[in-house]
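Here are my notes for a first reading, set out as numbered points. Please keep the structure open beside them and look up each residue as it comes up.

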Amino acid sequence: MTLRTPFTELVDVEHPVVQTGMGWVSGAHLTSATANAGGLGILASATMTYSELEDAIRRTKERTDKPFGVNLRADAEDAQQRVELLIREGVAVASFALAPRKEMIAQLKDAGLVVIPSVGAARHAEKVASWGADAVVVQGGEGGGHTGGVATTLLLPSVLDAVDIPVIAAGGFFDGRGLAAALAYGASGVAMGTRFLLTRDSRVPESVKAEYLQRGLGDTVVTTKVDGMPHRVLRTALVDALERSHGVATLAHAAVNTLRFQALTGVSWKGLVSEGLALKRGGDRTWSQLMMSANTPMLLRAGLVEGNTDAGVLASGQVAGIIEDLPTVAELIERITREAEERLDALSGLRS
């Protein structure tokens, strides 16, 4: 049996499984491995310079002829250039962590790309659907990184009731039982981050993967001390220290990371200010939260790239506490789809 859903038909992939665009993690190797295994791999461009994104797209295309996506920040200084790059390179899918502008969606769709924003509430799904988005990823509170407070089991049906475009469920998924459950809700597939991070195709240092694997279900925490927004991460000594920090010390740490982020990415100071103002207009962030925003990429880089778990932050879904192995991406996707088929077959037998 092949699991064909509105999502697989829309994107022309074999399996209804998405590897999310995780900063510092989702590069050409992981993305192409996912594409070659029949899922949708997504490059994470928010932590790449424009030239690094060009190179990552080129290397991904060298490794696979299957569809793949790129995750963009709609508020980035060079967002329009990146949109034009995706169009020029024939990338299949544009995904967004924040809602793209209506005209940006139209430009991408006119060029033949599939547009899939991520949302955290039914009203957000309704907005991007009305602007022409082809599908949405909805992440419940179990998910890693920036996350909301509503569990997937409640958020997913609320979004499914609100829109009539394909919905991909994220937050708490790691096996075929979860895929079968998401399909039973009415979703068109699942998206996973932590589960793909913990594969042999992930370029995260092996010592860091070992850190994830030894954790239990209670070993993540949602903190606002990384960048002012709710962020699910592994509980570490650094995170505990950040949780105890206050006021001036917190902002001083963020100021240092802002300097490091600007030097690493080459984003102009004008661009940083413009992005901050866009975030301020588009949400409820305070000025102190905006000052802290550069903490996220730099602290994640220290942990996920440099392997420094003492000085870095490790974004993680709660599923880290139940994952016990490091399969290849091909093994993982084959196992998930096989388990989902078995569960769906078993459920159909209940009607006999």
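1. How close do the axes of helix α6 and helix α7 come, and at what angle do they cross? The axes of α6 (residues 122-130) and α7 (residues 152-162) come within 8 Å and cross at roughly 35 degrees, where axes are lines fitted to C-alpha atoms, for helices over the stretch in contact, and angles run from 0 to 180 degrees between N-to-C directions. The crossing is right-handed, a word that applies if the near helix is turned clockwise from the far one by less than a right angle, whereas an anticlockwise turn is called left-handed. Ala 122, Ala 125 and Glu 126 of α6 meet Ser 158, Val 159 and Ala 162 of α7, contact being defined as heavy atoms within 4.5 Å. Sorted by class, this contact has four nonpolar, one polar and one charged residues; Ala, Val, Leu, Ile, Met, Phe, Trp, Tyr, Cys and Pro count as nonpolar, Asp, Glu, Lys and Arg as charged, and the others, Gly among them, as polar.

2. Before going further, please note that this is a predicted model, in which local features need pLDDT of at least 70 and side-chain atom pairs count only at pLDDT 80 or more, while totals for chains, interfaces and linings use all residues. Residues are numbered from 1 along each chain as its sequence is written, and side-chain values use heavy atoms, with hydrogens and water left out.

3. As for the whole, the protein has 16 helices and eleven strands; helices (H or I, at least four residues) and strands (E, at least two) are DSSP runs, numbered from the N terminus. Of its 352 residues, 53% count as buried, that is, under 20% relative accessible area, with exposed meaning over 50% and partly exposed lying in between (1.4 Å probe, protein chains only). Among the contacts with a separation of 6 or more, 61% come from residues 24 or more positions apart.

4. A second helix pair is made by α3 (residues 50-63) and α4 (residues 79-89), which pack at an angle of about 20 degrees with their axes 11 Å apart. The two helices are therefore roughly parallel, a label for angles under 35 degrees, while those over 145 are roughly antiparallel, 65 to 115 roughly perpendicular and the rest oblique. The contact joins residues of α3, including Leu 53 and Ile 57, to residues of α4, including Leu 85 and Leu 86. By class, this contact of α3 with α4 has five nonpolar, one polar and five charged residues.

5. Helix α2 (residues 28-36) deserves a look, since seven of its nine residues are buried, among them Leu 30, Thr 31 and Ser 32. What covers these buried residues includes β1 (17-19), β2 (40-44), α3, α9 (194-197) and α16 (329-349). Just after α2, Gly 38 takes a positive phi of about 100 degrees.

6. Two residues that are not glycine also call for attention in their backbone. Most residues other than glycine have a negative phi. Asp 12, in the loop between α1 (6-11) and β1, nevertheless has a positive phi of about 65 degrees, and at 56% relative accessibility it counts as exposed. Trp 24, in the loop between β1 and α2, has a positive phi of about 70 degrees and is partly exposed, with a relative accessible area of 21%.

7. Strand β8 (residues 167-170) is covered on both faces, with Val 167 and Ala 169 buried on one side and Ile 168 and Ala 170 buried on the other. Strand β6 (residues 136-139) pairs with β8 in the parallel sense over four bridges, and strands count as paired if DSSP finds at least two bridges between them. β8 also pairs with strand β9 (residues 189-192), in the parallel sense over three bridges. Ala 170 stands opposite Gln 139 and opposite Ala 191 in β9.

8. Finally, three strands form an open antiparallel sheet in the order β7-β11-β10. β7 (145-146) and β10 (220-223) stand at the edges, each with a single partner strand, so one side of each is left without a neighbour in the sheet.
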